[in-house]
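Subject: Structure handover

Hello,

Here is the structure we talked about. Please open it and keep it in view while you read my notes.

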Amino acid sequence: MENLEINKLFGGIYKNKKVVVTGHTGFKGSWLAMWLKKMGADVYGIALDPPSHPNHIDLLQLEIKSYIQNICDFNKVKEILSEINPDIIFHLAAQPLVRLSYQDPVNTYMTNVMGTVNVLETARSLSNLKAVVIVTSDKCYENKEWLWGYRENEAMGGADPYSSSKGCVELVTTAYRNSFFNPSNTDEENKVLIASARAGNVIGGGDWATDRILTDIVKAASISSSVYLRYPKATRPWQYVLEPLSGYLNLGWKLLLGEKAYAEGWNFGPNTENNISVLNLVMEAKKSWEKISFDFDNTQHPHEAGFLMLDSSKAIKILEWKPVWGLTKTIEKTIFWYKEFYENNNVISCQTLEEYILDAQKKEIRWSKT
Ligand SMILES: NC(=O)c1ccc[n+]([C@@H]2O[C@H](COP(=O)([O-])OP(=O)(O)OC[C@H]3O[C@@H](n4cnc5c(N)ncnc54)[C@H](O)[C@@H]3O)[C@@H](O)[C@H]2O)c1
């Protein structure tokens, strides 16, 4: 890692910055906390206890300050954030599962919508704060089941409670930005820039959440069992976990520099070739781990979107961001992580991050230049 000069990535902006990651005990949050820590940031996390055993955050053993706190408790969230007084907040804490949102819509809306309100409301009173990146989802858009990718200026929607909660989070973010953090208002008091980030279906090592296809198949493979595919034809924009994170960090970099034009919504989706069906994803994964086995579950299930694609032209053009890994590498790296974990008891997250950064540098992606 030393040769990489990792703390110079993203213009070296994160070194010694106080950074809050909400949802740090989860899949994406744990990778983000690790990456920020490697860049020399002072990292604080707010989340519930890790959602599974094993879990990535415990395996990483990062030296960060962790607050186990429900994001729905406004007073506590305010107390913690005021105590930290961060430079930037990456807000990832959420109930992120579509099927669970059918079983528990109230908690899904409370956590996702009111959790975000609590973070943004507190942000109004934090004296050191310069930026907030709110993480939503590709599912925030009104899904028209068409062939084209969704652009940032399209309508919010969502047919199920999870997707609609993420559409609501986008609306809340826009309202807070317009009302209290308006970038066109040059007041000294109004110095916090707020952006939102929408990404696709993320895969990668260290995810043990239930009801996620890749997690389900590797867990089954580890005990030589097979998995039932519920939505084999559903097509998703699969991407390695580090891809959206490089987008969030890229966005945070611009906001921390005070660049007001970046305080809006951004898509960070994969290349078109990564839009494949669940069935094709599993068949590709099987090439990397012969123990993967599956069957079809033909029973009735709640509605999930059939086709969803993001158009990331804006991030590619303006942020000079782009995906690093194509479909084959995305799947290979994911399966390799779990094989190393289950067969050799190795946690290769640091090595994977290093490989990802080196590949980004080979592609001369703007954020990776040191
Ligand atoms: N994983 C994906 O494919 C994907 C795709 C698009 C968007 N997202 C979004 O990315 C973010 C992170 O998702 P993930 O995949 O890491 O999910 P995850 O389930 O692995 O992690 C969720 C995190 O949120 C925390 N959390 C949940 N409820 C909370 C509460 N009431 N109070 C405090 N913390 C709470 C959990 O403790 C955990 O740390 C979410 O906002 C999710 O909607 C994920």
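Below is what I found, going from the main sheet to the ligand.

Please keep in mind that this is a predicted model.

**The seven-stranded sheet**

Start with the open sheet. It has seven strands, in the order E3-E2-E1-E4-E5-E6-E10. The pairing is parallel. Which strands sit at the edges? They are E3 (65-68) and E10 (265-268). Each of these two pairs on one side only. From one strand to the next, the twist averages 20°.

Now look at E1 and E4. E1 covers residues 18-22, and E4 covers residues 88-91. Four bridges join this parallel pair. To find the spot, pick Val20, which has Ile89 of E4 opposite. As you follow a strand, remember a general point: in a regular strand the side chains alternate between the two faces of the sheet.

**Helices across the sheet**

Two helices are worth finding here. H1 is made of residues 27-38. This helix lies across E1, E2 (42-47) and E4. Its direction is at about 165° to E2.

H3 takes in residues 74-84. Which strands does H3 lie across? They are E1, E2 and E3. H3 runs at about 155° to E1.

**Strand E9 and its partners**

Next, go to E9, residues 235-240. Is this strand mostly covered or mostly open? E9 is mostly covered, with five of its six residues buried.

E9 pairs with E7 (residues 201-203) in the parallel sense, over three bridges. One bridge to look for links Ile203 with Tyr240 in E9.

E9 also pairs with E11 (residues 275-277). Here the strands run antiparallel, again with three bridges. Pro237 has Asn275 in E11 as its bridge partner.

**Around the ligand**

Finish at the ligand. How many residues are around it? There are 25. Those that come nearest are Gly23, Gly26, Ala47, Leu48 and Ala94. Two elements, H1 and E7, give two or more residues to this shell. The largest share comes from H1, with three residues.

What is the shell made of? It divides into 14 nonpolar residues, 10 polar ones and one charged.

Two elements come up twice in these notes. H1 lies across strands of the sheet and also gives residues to the ligand shell. E7 pairs with E9 and is also listed among the shell's contributors.

Best wishes

Methods: Residues numbered from 1 in each chain as written. Predicted model: local features only at pLDDT ≥ 70, side-chain atom pairs only at ≥ 80, totals over all residues. Pairing = 2+ DSSP bridges. Axes fitted to C-alpha atoms, helices over the stretch in contact; angles between N-to-C directions. Contact = placed C-beta atoms within 7 Å. Buried ≥ 20, exposed ≤ 12 C-beta atoms within 10 Å, placed from the backbone. Near = placed C-beta within 6 Å. Nonpolar A, V, L, I, M, F, W, Y, C, P; charged D, E, K, R; others polar.
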